Amino acid sequence: MNRPVDVVVIGGGQAGLAAGYHLRRLGIDFVLLDAQTGPGGAWRHAWDSLRLFSPAAYSSLPGRLMPPQAGRPSPDAAHVTEYLSAYERRYELPVERPVRVRAVRRDGERLRVETDSGVRSARVVVSATGTWWRPFLPAVPGSDAFRGRRLHTADYRGPAEFAGQRVVVVGGGNSGAQIAADLAGHADLTWVTRREPRFLPDGIDGRALFDAATARRQALDAGLPDTGGVAGLGDIVAVPPVRAARDQGLLKAQPMFTRLSAHGPVWADGTGADADVIIWCTGFRPALSHLAPLGLRDRHGHIPTAGTRALGEPRLHLLGYGDWTGPASATLIGVGRPARDMAKEIAARLS
Ligand code: FAD
């Protein structure tokens, strides 16, 4: 058994680091366990042309501004990984990796954290494991019949391997638009979205999304009408590569198909297209399987929380994942506030 600690943080991506920053400031004894071989969390796995939807300064964790990236108003994923790596070093955050947490169980007054390299005992556990590790693919009739490759956003690395191939990109969010823009001109592209793509006006970036998410949460908390939040603004931030492809007329979307045949998508009117590859840019779900022994999930697969604290287990906090753990808490700039509030709550509990 490793040394018992007061707090185990599971995950060393941006959410885990923001938690570490605030726990350290409050003098709490903690350790971060991260399954990756190096810093950066999900950003280590993103494709080269991915661009942040906010300028660097608006993509910062608490305490330290992200420096701008030379020549890039919208930084890329490698820049974020470098920033997170420097952040970890600067605040001397005690990250152990690669350590994968397999299960968290109740163990009397404490929680037992079972990992692939031993057991940790903690008074409080923070789960900050993100979503990248649980790609979501919708069920579409005929999926098994399709003979081409079936990929997800999480598998995409760049356009080179698709040169000249017939590629269908599914999804009208930022990932779908950015990957479609990346492939346009390299592959024979069909972009498919459930509704007409909704680009945010040029010049509106992640700052506006953050403000909208915060305003919505504040309105709901105050019992005021739902402001609609981010959804009211549009779905796609027109980062420079997306804007360029759109302006060249390369981002024309088809409606969603109703089924797949062996050869590719088939639409409701019976027309079809041949495809070598389908890339599903259809989102992610929270990576929570290590918490299964605690039996806390609701029927939507979420763990109900008050702020970040699990309602069914007050020694467990969830950070990141989505708005249900704090407004915009799955973004770089948004995770700082819930991390701060969480650290205060943990300090009160430990004392
Ligand atoms: P992650 O980065 O996924 O980190 C979780 C860490 O926990 C990982 O290192 C993982 O290996 C580890 N882990 C998981 N399970 C275990 C386990 N059982 N045991 C131990 N370790 C474990 N946000 C922005 O602010 N700006 C953007 O422009 C932006 N663009 C995005 C574009 C895309 C395509 C996507 C998918 C997301 C984007 N986001 C953006 C959202 C957000 O910033 C990321 O999803 C972010 O990676 C979430 O950070 P996290 O720390 O919660 O999770």
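**Exercise 1. The lining of a pocket**

Task: Find how the residues lining the second largest pocket of this predicted model divide by class, and which helix gives the most to that lining.

Solution:
- Start with the classes: five of the lining residues are nonpolar, seven are polar and five are charged.
- Next, look at the centre. The lining has 17 residues, and the closest to the centre of the pocket are Gly326, Pro327, Arg337, Pro338 and Asp341.
- Now turn to the helices. Helix H4 (206-221) and helix H6 (336-350) each supply at least two residues of this lining.
- H6 gives the most, with six residues.
- Finish with the volume: about 250 Å³ of space lies in this second largest pocket.

**Exercise 2. A closed space**

Task: Work out how many cavities of 30 Å³ or more the structure holds, and which residues line the largest cavity.

Solution:
- Rolling a probe the size of a water molecule over the atoms shows where empty space is left.
- The structure holds one cavity of 30 Å³ or more.
- For the largest cavity, the volume comes to about 40 Å³.
- Select Ala213, Arg216, Arg217, Leu220, Asp323 and Pro327, and you have its lining.
- Sort these residues by class: three are nonpolar, three are charged and none is polar.
- One name may ring a bell. Pro327 lines the largest cavity, and Pro327 is also among the residues closest to the centre of the second largest pocket.

**Exercise 3. Strands in a sheet**

Task: Give the order of the strands in the five-stranded open sheet and find its edge strands.

Solution:
- Follow the sheet across and you meet E7-E13-E8-E9-E10, with parallel pairing.
- The edges are strand E7 (149-152) and strand E10 (253-255), each of which pairs on one side only.
- Between neighbouring strands of this sheet, the average turn is 30°, direction ignored.
- Zoom in on one edge: E7 runs parallel to strand E13 (residues 277-280), and four bridges join them.
- For a concrete pair, pick Leu151; its bridge partner in E13 is Ile279.

**Exercise 4. Two helices that cross**

Task: Describe how helix H3 (residues 174-183) and helix H5 (residues 240-247) cross, and which residues meet there.

Solution:
- Begin with the axes, which come within 9 Å and cross at roughly 65°.
- Then give the hand: H3 passes H5 in a left-handed crossing.
- On the H3 side, the residues in contact are Ala177, Gln178 and Ala181; on the H5 side they are Pro241, Val242 and Ala245.
- Counting by class gives five nonpolar residues, one polar residue and no charged ones in this contact.

**Exercise 5. A hairpin and the loops before it**

Task: Say how strand E4 (residues 101-107) pairs with strand E5 (residues 110-115), then examine the backbone at Gly108, Pro98 and Glu92.

Solution:
- E4 and E5 pair in the antiparallel sense over six bridges.
- As an example, Val101 stands opposite Thr115 in E5.
- The hairpin has two residues between its strands, and Gly108 there takes a positive phi near 65°.
- Move to the loop between strand E3 (95-96) and E4, where Pro98 is found. The peptide bond from Arg97 to Pro98 is cis, with omega near -5°.
- Last comes Glu92, in the loop between helix H2 (77-90) and E3. Its phi is near 45°, a positive value in a residue other than glycine.

Methods. Residues numbered from 1 in each chain as written. Predicted model: local features only at pLDDT ≥ 70, side-chain atom pairs only at ≥ 80, totals over all residues. Heavy atoms only, no water. Axes fitted to C-alpha atoms, helices over the stretch in contact; angles between N-to-C directions. Left-handed = near helix turned anticlockwise from the far one by under 90°. Contact = heavy atoms within 4.5 Å. Nonpolar A, V, L, I, M, F, W, Y, C, P; charged D, E, K, R; others polar. Pairing = 2+ DSSP bridges. 1 Å grid on protein atoms, 1.4 Å probe; cavity = no way out; pocket = protein on both sides within 12 Å on 5 of 7 lines; lining within 4 Å. Points joined across faces, edges and corners; volume = space filled by probe spheres on them.
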